[in-house]
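Work through the following exercises with the sequence and the 3D structure side by side. Each task is followed by a solution that goes step by step.

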Amino acid sequence: MSDIAVEVEALSQSIDGLRHALRAGRLTPADVANAFAVSARRVGDATHCWVAQGGSPPAGAPAGDVTKPLAGVPFGHKDVFTDGTAPPRAGSQFDDFCTDLSPAPALAALWQAGAVGLGKLALDELSYGATGLHAANGPVRNPWNTAMIAGGSSSGAAAAVAGRGVMFALGADTGGSVRIPAALCGVVGLKPTFASIDASGSVPLSRSQDTIGVMARLADDCARVFSVIRRPVGATGNDIASASAATQAFVAALAALVDPDSPDNGAAARDDNKRHSPDSEVLPLQGRRIALARHPFFDMHDAGLSECMVAALNVFETLGATLHPLALDEIEHCDAYAAATTSLEAHALHRERLQHSPERLSPATRLRLNSAGRVDPGTYARAIEARIPCLQRFVAHVFTSHDLLICPSVTVRAQPIDALSDQPQAAVALTTALLRSNRAFNYLGVPALSLPIGFDDTGMPVGLQLIGRPGSEFALLRYASAYQRVTSWHLSEPGLNAR
């Protein structure tokens, strides 16, 4: 490794650190771009996380404005976004999803803020999986053990961030597709409130639930990125304007449940490091009440995983929070409604591909789409009708007396790729198990993130899920940041080999 590469690695442990080094002249944008290009190739060779490298606005940009909020910060994006180059394939053999190939608003905002795109990242086919097994170019491998799955569907994004190939990645989450791979790869994965980021210019799966998300090693870095790409409070866009009346009503219901007294909503919600950096406080979570989700969906039957959970909860207590078990009896209905909504909408989007080109789809995707086609339209109608009342009851039940809800990000371990590659039914069953602790929160539209909290007895990452009321993304990130400031799991680096 060259002296410059060593310097870049040392000074790019966080977005703030990199920005400071660039403004001080210790690094140039070209130094950063060149060093990360090498790292990105190394991670790609080990994990198959990339679909294509480069192709975004010029990667070096040595004359760039280093005062921009994300100046010189390298990132990748899930191959569901239009970026002005080749059409997104969404992990499939198809390229006819988008007619307008102009850059997606989220990507355009990142480039405008000075971020440097390193390329397109792999994903489960059509975003319709949670394992990372069924990317068009082969399975994405976990950086911590390349014999294991990375999770999905934003598998390449999680692998690239965990392997230090990029500082952050843009993904999309319909039922856990950011949080699941974030948990299995040991990074922070934020799924913000539904419609808080303009989803125009992205390949859909379930339009009424699809949510753009962010992955990074640090919660503070996720906050930096989210502050750049989030939709201004009260603003709309083509994605909302073209949505169904039911989806528009749901977006309005979410907005009505935002805490009006939160400092993160309105003019105060700006790129202010103090707003998500509580290091000056002795007990940053003093007086905060954390609800611990209680439902069979969240039961941990694996001692290696549950031990990490218990240890993480102890950390939150040492930070000043109090823990309170809370039954979530209705979450099972929300999960069923989420599944029905995704199934019917995904099948409607891909019916013709399934009928006319089934050979171009993997067996697991065909299996899920065929099953989705059997969903009763009446069940879908009931799911849409129940959505706002379910959201309102959930927010009242959880957040009237609590500040935060916690549950596992996933309740099962990463599985060996070889045991699943030729077993589509087993892969679908694993996808269902991975989705179970996640997709209800997509149906409810509330923000959620996966926080890395350690490693199991085989050295694989474990994630904890934090859920907030609508519009509370920065609060969630402050909780996660407080945890990361007194722990060091996020500093560990994967070996990029099989064990």
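A disulfide is here a pair of cysteine sulfur atoms within 2.5 Å. The structure is a predicted model, in which local features need pLDDT of at least 70 and side-chain atom pairs count only at pLDDT 80 or more, while totals for chains, interfaces and linings use all residues. Residues are numbered from 1 along each chain as its sequence is written, and side-chain values use heavy atoms, with hydrogens and water left out.

**Exercise 1. Determine how many disulfides the rule gives, and examine C185 and C390.**

Step 1. Applying the rule gives a count of zero disulfides.
Step 2. For C185, the closest cysteine sulfur belongs to C49 and lies 9.7 Å away, which is too far for a bond. C185 is also buried (under 20% relative accessible area, with exposed meaning over 50% and partly exposed in between, for a 1.4 Å probe and protein chains only), its own relative accessible area being 0%.
Step 3. C390 is likewise in no disulfide, the nearest cysteine sulfur being that of C334 at 4.3 Å; C390 is buried, with a relative accessible area of 2%.

**Exercise 2. Trace the order of the strands in the open sheet and find its edges.**

Step 1. Helices (H or I, at least four residues) and strands (E, at least two) are DSSP runs numbered from the N terminus, and two strands pair if DSSP finds at least two bridges between them.
Step 2. The open sheet holds 11 strands with mixed pairing, in the order β1-β3-β2-β6-β8-β7-β12-β13-β11-β9-β10.
Step 3. Its edge strands, each pairing on one side only, are β1 (50–53) and β10 (322–327).
Step 4. Within the sheet, β11 (residues 404–408) pairs with β13 (residues 461–467) in the antiparallel sense over four bridges, and I467 of β13 is the bridge partner of L405.

**Exercise 3. Describe how α2 and α7 cross and which residues make their contact.**

Step 1. Axes are lines fitted to C-alpha atoms, for helices over the stretch in contact, and angles run from 0 to 180 degrees between N-to-C directions.
Step 2. The axes of α2 (residues 15–23) and α7 come within 8 Å and cross at roughly 70 degrees. The two helices α2 and α7 are therefore roughly perpendicular to each other, a term for angles of 65 to 115 degrees, whereas under 35 counts as roughly parallel, over 145 as roughly antiparallel and the rest as oblique.
Step 3. With contact meaning heavy atoms within 4.5 Å, the residues involved are I15, D16 and R19 of α2 and D221, R224 and V225 of α7.
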